[in-house]
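Q: Please take a close look at one small part of this model with me. I would like to start from a single position and then work outwards to its surroundings.

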Amino acid sequence: ADLRALHQKLGIVTQSWTPLGQGKAFTAPAVQAAAARTGKSPAQVVLRWHVQLGCSVIPRSTRAAGLAENLNLWDFDLAAAEMAAIVLLDAGERTGPDPLLFS
């Protein structure tokens, strides 16, 4: 959150690497509840959360249906309470490389 705030101040768009987190949050009650309310998949809820934070997301999929699902994010919004509940899932773990360690 602190880095996103600094990026916003500097006019930088934060990019979410591995935005689906290898599906680790898909079964979380907050994600499941938002998916049920919106009629979207847990993956779409997680991607929408990143987008609503102002991040750029580049999810990957090896399936054409998965690619299409990843693009179908623009006809719903997460409520403020859903955004807040999902942010609490952050365990401080990375699923991809740490950009601070790149040489």
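A: Leaving aside its neighbours within four places in sequence, Ser 41 is in contact with Ala 35 and Glu 69, where contact means heavy atoms within 4.5 Å. Ser 41 sits in the loop between H2 and H3; helices (H or I, at least four residues) and strands (E, at least two) are DSSP runs, numbered from the N terminus. With a relative accessibility of 17%, Ser 41 counts as buried (buried is under 20% relative accessible area, exposed over 50% and partly exposed in between, with a 1.4 Å probe and protein chains only).

A word on what you are looking at: this is a predicted model, in which local features need pLDDT of at least 70, side-chain atom pairs count only at pLDDT 80 or more, and totals for chains, interfaces and linings use all residues. Residues are numbered from 1 along each chain as its sequence is written, and side-chain values use heavy atoms, with hydrogens and water left out. The chain averages a pLDDT (the predictor's confidence in each residue, from 0 to 100) of 91, and 100% of the residues score at least 70. Confidence is highest in H2, at 98, and lowest in strand E1 (residues 15-16), at a mean of 89.

Both helices beside the Ser 41 loop turn up again in the packing of another one: the buried residues of H5 pack against helix H2 (29-38) and helix H3 (42-52). In H5 (residues 80-87), those buried residues are Glu 82, Met 83 and Ile 86. Seen down the axis of H5, they fall within an arc of 100° (taken from the directions from the helix axis to the C-beta atoms), so they line one face of the helix. Turned away from that buried side, the exposed residues Ala 80 and Ala 81 are carried on the other face.

On the other side of H2 in sequence, the loop between E1 and H2 holds Thr 18 and also Gln 22. Neither is a glycine, yet Thr 18 has a positive phi of about 50° and Gln 22 one of about 60°. Thr 18 is partly exposed, at a relative accessible area of 34%, whereas Gln 22 counts as exposed, at 58%.

Finally, the rings. The charged end of Arg 48 sits over the ring of Phe 76, 6.0 Å from its centre (this needs NZ of Lys or CZ of Arg within 6 Å of the ring centre and within 35 degrees of the ring normal).
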